[in-house]
Amino acid sequence: MRKLAPFAVLFCLCATARAGDAADAPAAKEHRPEVSSHQCGLSTPYNVLADTGGIWLYRDEGAPKEIFFHGGELSVDHRVQQVSAADAQRLRLMETEARALMPQVAGLARDVVDITYDALGGVVDVLTGSWLNARKIERKRKEALAYVDTTLGKGRWDQDAFGGNFEKYVEREAEDFKGSIARHLLWQIATGRADAMEARADRVGDELDAKLDARSEAIEAKADALCAQVRRLDELQQALEYRFGGQPLRLIETSGKDEGAELAAAAGSGG
């Protein structure tokens, strides 16, 4: 599996095939995205708002708590800071890069929502064949897309919303279908149709895997491009001459590992 990210906030997704246990059904596969604040060995402890008014980073704990920059000016914890001409230019570049990245991140978030619900819908369709379940999944998809549009789509990335909680959210969504799947499986067994259903599940599952794998590769290519842009932001940050309490200003931090590379290795080994 692979991960991807935005600006300093590093929105991270995994959207490649992974052997899984969907609703305790045999032969089911799970294409499950994850969201985290880590990517490419970098992370951020901040929530982020990037819009035409500037870039605002904020958190509840730690120092500084709030950082804002716009038009080459810098404010830390509500106090305007003196910066050099070189730093002012770096801040302008960081603002431009961050603002340009957010729409890309929103687009990737929409991609991962779609692939998630396509995978979930495919499994539920094979195991239940219920049009009511299909409508329910589409309603959940629309709700998730609407949430992306009102957060990332407006330049807002929150730790609580995207910092590793998306996978848990999808798991809770899948729980809603376990009862329907269990009833359908029992009915197939009771009527002697279990073998036919299993054969269909294998056939349709292979087709679904192939489609989702192809889409995942395209998403991974976008992820790689975003990762390079995030590193560019980190380079600009590291070049800042400004010091807060005698220390460099750290909007992006080194997390000590590249989670995307680790996940790719795990997927390649079947883990």
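This report describes a helix pair, a buried arginine within it and an open sheet, all in a predicted model.

**The helix pair**

Helix α1, which spans residues 85-128, packs against α2 at an angle of about 170°, and the two axes lie 10 Å apart. Because angles over 145 degrees count as roughly antiparallel, α1 is described as roughly antiparallel to α2. On the α1 side the contact includes Ala106, Val113, Tyr117 and Leu120, while the residues they and others meet in α2 include Ile137, Arg141, Leu145 and Val148. By class, the contact of α1 with α2 is made up of 10 nonpolar, three polar and six charged residues.

**Arginine 141**

Arginine 141 belongs to helix α2, which covers residues 131-150. With a relative accessible area of 10%, arginine 141 falls under the 20% cut-off and is therefore buried. Its side chain makes a polar contact, at 3.0 Å, with the side chain of glutamate 138. Leaving aside residues up to four places away in sequence, arginine 141 touches Val113, Asp114, Tyr117 and Asp118, and these four are among the α1 residues that meet α2.

**The sheet**

Six strands, in the order β9-β8-β7-β6-β5-β10, form an open sheet with antiparallel pairing. Strands β9 and β10 stand at the edges and each has a single partner strand, so one side of each is left without a neighbour in the sheet. Strands β7 and β8 pair over four bridges in the antiparallel sense, and phenylalanine 68 has serine 75 in β8 as its bridge partner.

| Strand | Residues |
|---|---|
| β7 | residues 66-70 |
| β8 | residues 73-76 |
| β9 | residues 79-81 |
| β10 | residues 156-157 |

Technical notes:
Residues are numbered from 1 along each chain as its sequence is written. This is a predicted model: local features need pLDDT of at least 70, side-chain atom pairs count only at pLDDT 80 or more; totals for chains, interfaces and linings use all residues. Side-chain values use heavy atoms; hydrogens and water are left out. Helices (H or I, at least four residues) and strands (E, at least two) are DSSP runs, numbered from the N terminus. Buried means under 20% relative accessible area, exposed over 50%, partly exposed in between (1.4 Å probe, protein chains only). A polar contact is a pair of N or O atoms within 3.5 Å; within protein, one must be able to donate a hydrogen and the other to accept it, and residues adjacent in sequence count only if both atoms are side-chain atoms. Contact means heavy atoms within 4.5 Å. Two strands pair if DSSP finds at least two bridges between them. Axes are lines fitted to C-alpha atoms, for helices over the stretch in contact, and angles run from 0 to 180 degrees between N-to-C directions. Angles under 35 degrees count as roughly parallel, over 145 as roughly antiparallel, 65 to 115 as roughly perpendicular and the rest as oblique. Ala, Val, Leu, Ile, Met, Phe, Trp, Tyr, Cys and Pro count as nonpolar, Asp, Glu, Lys and Arg as charged, and the others, Gly among them, as polar.
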